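Reader: I've got a protein to look at and I'm not sure where to begin. Can we go through it together?

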Amino acid sequence: MQLNDAFIRDIKTILKPEQFFIDEPMYKHTTFKIGGPADYLIFPSSAEEVVDVFGLVEKYSIPLTVLGNGSNVLVLDGGIRGVVVKFNSFLSAMRQAGNSIFTGAGAMLRDVSRYAAACGLTGLEFAVGIPGSIGGAVFMNAGAYDGEMKSVVHSVRAVALDGTVVCYTAQEIGFGYRHSVFQENGQAICEVEVQLEPGEPAAIEEKMAGLTKRREKKQPLEMPSAGSTFKRPTGYFAGTLIESTGLKGFCVGGAQISSKHAGFVVNTGGATAADVLGLIKEVQRRVYEKNGVKLFPEVRILGDE
Ligand SMILES: Cc1cc2nc3c(=O)[nH]c(=O)nc-3n(C[C@H](O)[C@H](O)[C@H](O)COP(=O)(O)OP(=O)(O)OC[C@H]3O[C@@H](n4cnc5c(N)ncnc54)[C@H](O)[C@@H]3O)c2cc1C
């Protein structure tokens with residue numbers, strides 16, 4: 001890796017030492033516990049800092065990747081060239097205003113759901129068990145059980161690559177199944193407003209507890225993964241299709257089709273991204289042979305092989 005001394009000098013004038021890392025292994029920053037090093041890893045603490053960082057990225061023509069909690073990504077073994085801007089607790093403040101909650105993009109969905117419950121606001125219970133940041137959840141239009149982000153997001157503030165701050169209404173976000181406009185425009189989501197309904201805190205807590213139990217029973221939460229590996233093909237469930245091919249428990253290296261839920265690939269310890277890719281290809285081949293259905297990854301694949 002070739003370091004850019006001028007970029008490092010400039011970025012250090014903007015960020016504190018705990019916000020900037022060089023040659024940082026990404027397995028430490030993904031729920032799969034897989035991934036080679038990022039050249040530069042940055043944790044911004046405000047939208048203004050994101051604007052400044054993007055300015056330097058443009059000035060030095062450095063490639064850019066934006067990440068949330070790393071719970072829906074497979075970072076390849078060669079790592080990520082250039083700058084990774086990762087949203088975490090440094091940009092996670094939450095505040096209530098009437099039926100709305102405004103949060104920094106790095107706030108964990110779990111925490112926003114609990115905050116909503118404490119505020120007596122209902123509508124975000126579905127999200128309590130999704131282990132992502134709210135920015136990543138908007139990007140993916142994450143959903144579970146009876147809900148999805150599309151039904152609660154009211155507005156978003158994002159930063160474009162040229163440093164412009166752009167505000168979106170819900171309609172402008174182009175939500176679809178696991179889709180938002182941010183998948184095309186590369187902007188960084190910095191602040192999210194969710195709009196909810198008044199509710200009874202005890203009933204909200206009860207619903208969240210029920211959904212958490214259902215998740216714990218069905219999903220291999222005790223093992224590193226990136227959740228559902230494949231998108232749901234129309235008319236089918238990926239997990240059921242995979243199970244029908246007899247692949248439950250099947251391994252490539254350290255990567256395994258979970259024996260608890262065939263829709264999940266889990267890291268049994270020391271899995272490489274190459275193992276996961278090999279397993280994905282084998283699943284796609286066998287499911288297509290047996291059922292004539294093409295599976296496409298929901299997990300987003302980043303970096304170099
Ligand atoms: C055990 C487990 C269970 C899961 N269950 C569910 C579920 O029920 N439903 C569901 O929908 N998903 C589920 N997921 C997947 C994942 O948690 C969601 O997709 C989540 O929304 C991803 O958020 P993240 O912050 O981790 O995003 P990341 O994985 O960090 O990033 C995902 C994508 O979003 C982009 N991105 C992230 N943050 C931003 C930002 N601030 N601005 C612009 N782009 C950004 C990244 O570039 C990347 O392409 C599960 C995952 C695990 C590990």
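Author: Sure, and let's start with a term: a nonpolar core is a set of buried Ala, Val, Leu, Ile, Met, Phe, Trp, Tyr and Cys residues joined through C-beta atoms within 7 Å. Keep in mind that this is a predicted model.

Reader: Which helix gives the most to the largest nonpolar core?

Author: That core has 86 residues, and Leu74 and Val276 are among those with the most contacts inside it. Leu74 also touches Val276 itself, along with partners such as Phe32 and Ile301. With six residues, the top contributor to the core is helix H8 (residues 273-291).

Reader: Which helix provides the largest share of the side of domain 1 that touches domain 2?

Author: The protein is split into domain 1 (5-89), domain 2 (92-216) and domain 3 (220-302). The centres of domain 1 and domain 2 are 23 Å apart, and their contact takes 16 residues from domain 1 and 19 residues from domain 2. On the domain 1 side, six residues come from helix H2 (residues 47-59).

Reader: Is arginine 232 buried, exposed or partly exposed?

Author: Arginine 232 sits in the loop between strand E15 (225-228) and helix H7 (238-244). Leaving out residues up to four places away in sequence, it touches Phe237 and Ala238. Being buried takes 20 or more other C-beta atoms within 10 Å, and being exposed takes 12 or fewer. Arginine 232 has 17, so it counts as partly exposed.

Technical notes:
Residues numbered from 1 in each chain as written. Predicted model: local features only at pLDDT ≥ 70, side-chain atom pairs only at ≥ 80, totals over all residues. Domains from an automatic or database assignment. Contact = placed C-beta atoms within 7 Å. Helix = DSSP H or I, 4+ residues; strand = E, 2+ residues; numbered from the N terminus.
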